[in-house]
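Colleague: I'm new to reading protein models, and I'd love a guided tour. Could you show me how to read a few features, one at a time?

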Amino acid sequence: MKNKQIYLNLLAQMFSFAVSFIISFFISPLIVKTVGKETYGFLGVANNFTSYVMIVTVALNSLAGRFVSVYYHQNKKKETEQYFTSVFVANIFTVMFLLVPAMIFTLNVDRFLNVPAESVQDVKFTFALVFIGFFVNLASSIFSVATFVTNKIYLASIRTIEANLLRLIILGISFALFKPSIVYVALAMLGYYLLIAFTNWRYTKILIPEIKIKWSSFNIQKILELIISGCWSSITALSNVLLEGLDLLVSNLLIDASAMGTVSIVKTVPNMINQCMGSVLSVFTPQLTISYAKGDVSGMISYLEYACKVVALLMAFPISFLVAFGKTFFLFGCQQRTQVYFGGFLFCHWEVWFLLVL
């Protein structure tokens, strides 16, 4: 039964990633061609700004699911509700605290970044929608633990597929009926996050109905415990930002918006590979947490070894493809005049891509 659950979760997660990949890989070139790479790059910058904020919030939220899962499977309802409620309340206060700085930055984004004069309004609306989506995601993040606690990751995958289809519908309608704008891309992502938040809340009601938000369960000590335990996650998030989260901002400030757009486009494939790895890894985490909560150390070690083999096997395919056929693949793109998507010079010089991927 356990293996069946693993395969079901893995299959659903891979299918979900495939849908996301298809949408991003084939829709992004059309968006770039329509709105221009200079404007498109600001979407990546806006998303990078949310990753800067996540350096602080990840310390609280990175281990919330694991703590809730451990106490849930140990049948400690009081502690489970304390962690659940405390994280929810802390995230709400974090959103309220960040709301004013986000508004100030959005209204004055052209003073902080090099924004083409004709794109200022679109960029402001884009940043506003991206920040709203981030706040929705942050405020509702605790509800995502329901599928984690019950090891029903396939439900989360179905939810992601539905949200991606909604994003595709919003993009299609917006670009068909109105003047093409990067704002619609951010609007589609907001719709994505809203559907994710609603579905997570519904799953919580269905999968773990006995766990509820009770203001009497709020405990500041639980928040401090999570922050202390998750501080290493913040350090990891900071290292990721320093490694790959500042390139768009630096390109904009030190060169121009066009260079920033090129870098944003070039990072598409490496980002997809990272997302694929994250999707596969997330399948195995719930069962590892459940085994730990039940004190099954030998089972946890055996399962971890199995997970490492599966992850290595699955990730070998996309990386091997780039190594073996990268030159042919990228040069074919240049011959077909798809430099708009693949980033011109960097696209044709495939060895730069391998450096980015590795």
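Modeller: Happy to! Let's begin with exposure: Lys214 has a relative accessibility of 36%, so it counts as partly exposed, since that class runs between 20% and 50%. Keep in mind that this is a predicted model.

Colleague: Which side chain does Lys214 meet in a salt bridge?

Modeller: A salt bridge pairs a side-chain nitrogen of Lys or Arg with a carboxyl oxygen of Asp or Glu within 4 Å. Here the partner of Lys214 is Glu81, at 3.6 Å from N to O. Lys214 sits in the loop between α9 and α10 while Glu81 belongs to helix α4, so the pair ties together parts that are 133 residues apart in sequence.

Colleague: Is Glu81 buried or exposed? And how many salt bridges does a search of the whole structure find?

Modeller: Glu81 is buried, with a relative accessible area of 5%. The search of the whole structure finds one salt bridge.

Colleague: Let's stay with the helix that holds Glu81. How do I read α4?

Modeller: Compare its reach with the expected span. Helix α4 covers residues 77-107, and its 31 residues reach 45 Å from first C-alpha to last, close to the 45 Å expected. Still, look along it for a bend: there is a kink of about 35 degrees at Leu99, shortly before the proline Pro101.

Colleague: What about loops? Where does Ser181 lie, and is it buried or exposed?

Modeller: Ser181 is in the loop between α8 (153-177) and α9 (182-207). Its relative accessibility is 8%, so Ser181 counts as buried, the cut-off being under 20%. Next, look for partners: the side chains of Ser181 and Asp122 are joined by a polar contact of 3.3 Å. Beyond its neighbours within four places in sequence, Ser181 also touches Val35 and Phe175.

Colleague: And how do I read a nonpolar core?

Modeller: Look for buried nonpolar residues joined through their side chains. The largest such core has 35 residues, and those touching the most other members are Phe49, Phe105, Leu113, Phe127, Phe131 and Phe135. Several helices supply at least two residues each, among them α1, α2 and α4. The most comes from α6, which gives ten. A second, separate core has 26 residues, including Phe84 and Leu207.

Colleague: One last feature: how far apart are the C-alpha atoms of Leu238 and Tyr52?

Modeller: They are separated by 7.8 Å, although the two residues are 186 apart along the chain. Leu238 belongs to helix α10 (residues 220-245) and is partly exposed, at 39%.

How values were computed
Residues are numbered from 1 along each chain as its sequence is written. This is a predicted model: local features need pLDDT of at least 70, side-chain atom pairs count only at pLDDT 80 or more; totals for chains, interfaces and linings use all residues. Side-chain values use heavy atoms; hydrogens and water are left out. Helices (H or I, at least four residues) and strands (E, at least two) are DSSP runs, numbered from the N terminus. The expected span of a helix is 1.5 Å times one less than its number of residues. The bend at a residue is the angle between axes fitted to the seven residues ending there and the seven starting there. Buried means under 20% relative accessible area, exposed over 50%, partly exposed in between (1.4 Å probe, protein chains only). A polar contact is a pair of N or O atoms within 3.5 Å; within protein, one must be able to donate a hydrogen and the other to accept it, and residues adjacent in sequence count only if both atoms are side-chain atoms. Contact means heavy atoms within 4.5 Å. A nonpolar core is a set of buried Ala, Val, Leu, Ile, Met, Phe, Trp, Tyr and Cys residues joined through side-chain atoms within 4.5 Å.
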